[in-house]
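Welcome, and get your viewer ready. We will go from stop to stop, and at each one you will hear what to select and what is there.

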Amino acid sequence: MSLPATRPADDWWRSAVVYQVYPRSFADADGDGTGDLNGIRARLPYLAELGIDAIWISPWYPSPLLDGGYDVSDYRDINPEFGTLADADALIAEAHALGIRILIDLVPNHCSWEHPWFKAALAAGKGAPERDLFWFRDGKPGGLPPTNWPAAFGGGAWQQIDDGQWYLHLFDISQPDWNWDHPKVIEEFDAILRFWFDRGVDGFRIDVADSMAKDPALPDVVPQPNGEVTRDKYAGHPTYDQPGVHDIHRRWREIAEEYADSPLGPRVFVAEAWLSPADRLAQYVRPNELHSAFNFDALQCPWDAEALREVIDHTTENFWAVGAPATWVLSNHDTIRHRTRYGRDQKRASMPAGSVPTDLELGRRRARAAALLELALPGGAYIYQGDELGLPEVEDLPEEVLDDPVWERSGHTVRGRDGCRVPIPWSGAEPSFGFGTGGGQPWLPQPADWAELTAEAQTADPDSHLNLYKAALRIRRETEALGEGRLTWDGEAPAGVLSFTRSPGFRCVTNLSESPIPLPAHQQILLTSEPLLDDRLPSDATAWLAI
Ligand code: GLC
């Protein structure tokens with residue numbers, strides 16, 4: 001289990017570049033149209049060559065896949081569609097041999113309605129102790145649910161069953177919420193963590209890390225002034241950011257630290273918590289809690305110099321105040337791919353797929369500039385599979401293939417997140433572009449014009465998105481100033497320009513203004529996201545400079 005250590009083993013996560021694999025859509029070794037663990041194994045050399053430090057694999061557990069695997073029916077096994085536990089062991093060992101750490105996804109807020117404990121709770125009937133592991137309640141008079149809480153994917157958060165009781169699901173009806181006030185739930189998750197740590201995983205990404213604890217009095221959500229009940233995470237909200245989540249995190253941190261003397265070192269966590277502003281999120285990464293957290297303020301920030309600078313400053317101030325590294329992320333499996341987001345009118349950048357016109361060429365330039373900005377900032381960075389290929393959101397998937405529960409739950413008004421989950425194009429001239437073996441078609445159709453975006457085509461093109469990422473990651477590894485550390489803003493940068501230095505000897509400048517700018521002082525140009533125009537940095541471009 002030893003890793004070639006390039007930095008002190010315990011601290012690797014403070015500056016790691018983590019690559020997110022969405023297993024269904026990454027690589028399909030058995031040709032059934034769905035990605036699998038042997039597909040990931042076959043692509044590990046690609047990831048090693050790309051130059052990332054770790055991969056985070058979205059849920060790989062047995063699941064009916066009603067929410068892409070975030071509906072877990074067994075936390076200690078592998079979905080047979082993806083492979084076996086033996087495949088997982090092999091994947092972990094092979095990744096480690098290449099110097100790549102493995103993070104997996106823990107889904108502690110809810111399970112699948114196919115989880116045996118939920119099935120037992122349904123069968124046991126009203127008042128049975130089996131029901132205490134979840135949130136079963138009687139409704140209010142008049143056939144109303146116990147509270148007015150909304151579910152994330154549309155509709156209410158309570159589902160009524162045959163005996164009249166209701167169960168809580170903050171997400172899909174197929175995802176019943178665990179009752180974290182129950183000792184059996186707490187102990188079960190302790191055991192799940194140890195199960196995977198003992199198998200050699202380096203850490204977990206914690207799904208909806210802000211929601212496990214609920215206000216036991218179950219008060220209604222306070223409606224907006226217009227009477228609408230939204231998912232606004234106001235202070236004191238009954239299901240978000242309750243103080244109890246921190247007790248759970250502290251308990252897990254202790255378990256992670258039990259592994260301090262193991263060959264892999266202590267294990268780590270990254271929180272998925274959509275909480276803003278950064279001072280609120282920073283509470284999750286205090287020294288005895290989770291190690292790091294996704295920076296969704298950065299992901300949601302428009303392509304605008306002032307807004308980006310504000311996010312960078314808020315993030316660093318608040319994370320550093322609690323001793324945690326900042327992190328940076330541009331896309332994931334829940335959001336519109338950033339090449340598409342950045343190609344839109346920035347006031348409407350995060351609108352649902354298919355609803356806003358997009359200039360993909362503009363998005364391509366900005367995505368390249370953003371990649372160099374992201375990788376130059378202090379702390380850790382996340383790359384979602386396909387970011388490195390500059391994949392756009394697929395906005396025109398036919399309705400009959402849409403699989404995200406959001407589509408059904410919104411009454412076919414919101415298309416959902418499938419457009420960022422389209423299988424990766426690896427090689428060749430037509431679908432499945434090397435995703436699957438044997439010519440079988442992938443679970444979501446790929447656009448025919450992705451032939452020019454395949455990893456194979458981009459490897460051969462020195463100016464490709466892929467080769468930009470490879471060059472950036474190589475320079476990042478070789479440059480002492482990059483990774484963990486501090487940044488200093490350049491005082492004299494023109495409006496619309498982000499320019500900062502990192503010590504020793506590094507400057508990053510991103511031009512978000514509409515005109516080319518002269519490059520600030522430097523000794524050598526290390527990398528630019530676009531060719532210079534008469535020695536000037538064009539609009540929507542980033543340069544890395546040695547100074
Ligand atoms: C997280 C996941 C998302 C999932 C939800 C419910 O936000 O990233 O994909 O649908 O949690 O588990």
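Start with the lining of the largest pocket, and try colouring it by residue class: it has 14 nonpolar, ten polar and 13 charged residues. Keep in mind as you look around that this is a predicted model. The lining is made up of 37 residues. To find the middle of the pocket, select Arg231, Trp274, Asp334, Thr335 and Arg417, which lie nearest its centre. The space here has a volume of about 1,000 Å³.

Where does the largest pocket lie with respect to domain 1 and domain 2? Give residues 12–110 and 183–469 one colour for domain 1, and residues 116–168 another for domain 2. Both domains give residues to the lining, so the pocket lies between them.

Next, select the ligand and the residues around it. There are 13 of these residues, and the closest are Asp67, His110, Asp207, Glu272 and Asp334. Asp334 is worth a second look, as you have already selected it among the residues nearest the centre of the largest pocket.

Now zoom in on three aspartates, one by one:

- Asp67 has a polar side-chain atom 2.6 Å from an oxygen atom of the ligand.
- Asp207 has an N or O atom in its side chain that is 2.8 Å from a ligand oxygen.
- Asp334 places a polar side-chain atom 2.5 Å from an oxygen atom of the ligand.

Time to leave the ligand and look for enclosed spaces. How many cavities of 30 Å³ or more does the structure hold? There are six. The largest cavity contains about 130 Å³ of space. Its lining has 13 residues, and you can find its centre by selecting the closest ones: Ala298, Leu308, Leu330, Leu373 and Leu377.

The last stop is the cysteines. A disulfide is a covalent bond between the sulfur atoms of two cysteines. How many disulfides does a search of the whole structure find? The search finds zero. Take Cys420 as an example: the nearest cysteine sulfur belongs to Cys301 and is 19 Å away, whereas a disulfide needs the two sulfurs within 2.5 Å.

Is Cys420 buried or exposed? With a relative accessible area of 1%, Cys420 is buried, because buried means under 20%. Finish by selecting Cys111, which is also buried, with a relative accessible area of 0%.

How values were computed
Residues are numbered from 1 along each chain as its sequence is written. This is a predicted model: local features need pLDDT of at least 70, side-chain atom pairs count only at pLDDT 80 or more; totals for chains, interfaces and linings use all residues. Side-chain values use heavy atoms; hydrogens and water are left out. On a 1 Å grid over the protein atoms alone, a cavity is a set of points where a 1.4 Å probe fits but cannot get out, and a pocket is an open set with protein on both sides within 12 Å along at least five of seven lines; lining residues have an atom within 4 Å of a point. Grid points are joined across faces, edges and corners, and a volume is the space filled by probe spheres set on the points. Ala, Val, Leu, Ile, Met, Phe, Trp, Tyr, Cys and Pro count as nonpolar, Asp, Glu, Lys and Arg as charged, and the others, Gly among them, as polar. Domain bounds come from an automatic or database domain assignment. Buried means under 20% relative accessible area, exposed over 50%, partly exposed in between (1.4 Å probe, protein chains only). A residue is near a molecule or strand if one of its heavy atoms lies within 4 Å of it. A polar contact is a pair of N or O atoms within 3.5 Å; within protein, one must be able to donate a hydrogen and the other to accept it, and residues adjacent in sequence count only if both atoms are side-chain atoms.
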